[in-house]
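Trainee: I'm new to this one. Could you take me through a single part of it, slowly, and tell me what sits around that part?

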Amino acid sequence: MRFVTMSAALLIQPAPLVDLWHCQPAGVSPGAQCFNDSMVQCGHPRFYGERPNRRRPRLDAATTSGTMPWQEAGLEPSAPRGDVAGQSFRDSVARLMDDVDELVARTVAFGDEQRPPYAVVPRSAIEASVRMNLETVRNSLLAGSPVIDDRDVEALTIRVDERLGQGLRVEDGIQGWRKSIGVIQERFIEIAAEQDVDVAEVLNAVRVLWQLSDLMTNQMTGLFRSRQLTGALRHSQLRAEFLDKVLAGGLPVPEVHARGEELGLDTTIDYLTVKAGTGQGASVEVLRRRLETRATDLLVVADGYCFGLLSGPIGVLAGEDVVALGPAAPLPEVAGSFELATRIYDWMRRHGVRGRRRIEDIGWRLAVDRDAAVTSLLLRRYRAPLDSMGEFGALIWRSVRAYVSADKSVARAAEALVVHQNTLRYRLARFTEITGANLDSADTLLEVAWALAADPDETI
């Protein structure tokens, strides 16, 4: 004759590795020999027929042969009971339903042990959860199998939303649910012992509660994940909406402060505005994460670039990053700063400039793209006459650029061009001859520099 053993600790575990509660000798029907009082051992004195010298096998560990103990014993899981529950079983379920206060007290005691996170859950919410769990347990126990209807799902959805609002994680919610079912199961076994319920019915009830726990855990996990994803998307949407409005100057000051604080911004400090992109094929999201290094930063990804607010300096950039920074400003006044950051970013893109740039790094060059009439005039005056000269005209233009960039130092400009100084002087003379430009005049030099800055080859 083979034996099946159970421990009190395992009776209250919601999801065992192996369903050993209903193991039985092969070929023996459920409720026959293996379910009599002398053979079945469980965690409550009513069912505990344990013999002092008998060593109970570990139900969750494989033997040296790699099989589970119940497999070596030739046992197999029993099928679910199909017969109608006895009156004592029904009476036990009814008593369980009347025991709300005791179940709430035990569940609250568990919450006290786990604080935090359960410190944020009021007793009234725990009591409501226990009542909902009891309803589901009663329906399942009387049916002989897990019963989850639309009302259970709706109630669970409301509960998940409440727990998320109280700051609990999915792990916390599942732990609370499993413990609640464990408390209910433990109390049911106590009542069943007092009511002299048939052992087979108790074991079948435990099986039902295990299955119910697994089903509800899966349901709860899906709801938590769905709500968290929805919440994350909504949070991302709120961030983008706020940035769009605050950077456009479209929010009143009180609303800027209120919504900024909701998003974790420090409304007492000045913020840098930023617009940034990166190289072809590189991830803009990765760039956003490199820039948003503080809890008080706020950036979002748009179409091929990211933009937002920085509460401090930026760190190391990749070689292909293009980062334009507007000047620091109070949160309600960042619209002007972001307009400037956008101009800097566009200028960097047009001229192929990488790295980070502020207005201080670019200066008057940023104005070149803004005044098309002046730019067109100066390009016609100083650049167009060289176009008809082909390659030699291009050499003259590059020589003028090197000369201006070297602060009119012939020696340094010639070195940069890798030519003799006399060669450079000849090219500069030809430029004056062709365009009439006097490079010793401050006004002319500024005009030439403007024309150079408007050229697509200009970089700084």
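Mentor: Let's start at Tyr-271, which stands opposite Ala-329 in strand E9. Keep in mind that we're looking at a predicted model. That facing pair belongs to the pairing of E5 with E9 (residues 329-330), which is antiparallel and has two bridges. So our part is strand E5, residues 270-277, and E5 is mostly covered, with seven of its eight residues buried.

E9 is one neighbour; now look at E7, residues 306-310. E5 pairs with E7 in the antiparallel sense over five bridges. If you want a spot to find by eye, go to Val-274, which stands opposite Gly-308 in E7. Next comes strand E8 (residues 322-325), also joined to E5, by four bridges and again running antiparallel. There, Lys-275 has Ala-324 of E8 as its bridge partner. While you're tracing these strands, here's a handy bit of background: in a regular strand, side chains alternate between the two faces of the sheet.

Stay with E7 for a moment. Five of the five residues of E7 are buried, so this strand is largely enclosed by the rest of the structure. E7 also pairs with strand E6 (residues 298-301), antiparallel, through four bridges. Val-301 has Cys-306 in E7 as its bridge partner. Together E6 and E7 make a hairpin with four residues between the strands, and Gly-304 in that turn has a positive phi of about 85 degrees.

Now go back to E9 and its residues 329-330, then carry on along the chain to helix H11, residues 334-351. H11 has 18 residues and reaches 26 Å from its first C-alpha to its last, close to the 26 Å expected at 1.5 Å a residue. Plenty of H11 is tucked away: its buried residues include Val-334, Phe-338, Leu-340, Ile-344, Tyr-345, Trp-347 and Met-348. Ser-337, Thr-342 and His-351 are on that buried list too. Right after the helix comes Gly-352, with a positive phi near 70 degrees.

Want some wider context before you go? Elsewhere, the largest nonpolar core has 31 residues, and Phe-89, Leu-96 and Phe-188 are among those with the most contacts inside it. Helices H3, H4, H5, H7 and H8 each give two or more residues to this core, and H7 gives the most, with nine. A second, separate core of 26 residues includes Val-368, Leu-386, Val-400 and Val-448.

Terms used:
Residues are numbered from 1 along each chain as its sequence is written. This is a predicted model: local features need pLDDT of at least 70, side-chain atom pairs count only at pLDDT 80 or more; totals for chains, interfaces and linings use all residues. Side-chain values use heavy atoms; hydrogens and water are left out. The expected span of a helix is 1.5 Å times one less than its number of residues. Buried means under 20% relative accessible area, exposed over 50%, partly exposed in between (1.4 Å probe, protein chains only). Two strands pair if DSSP finds at least two bridges between them. A nonpolar core is a set of buried Ala, Val, Leu, Ile, Met, Phe, Trp, Tyr and Cys residues joined through side-chain atoms within 4.5 Å.
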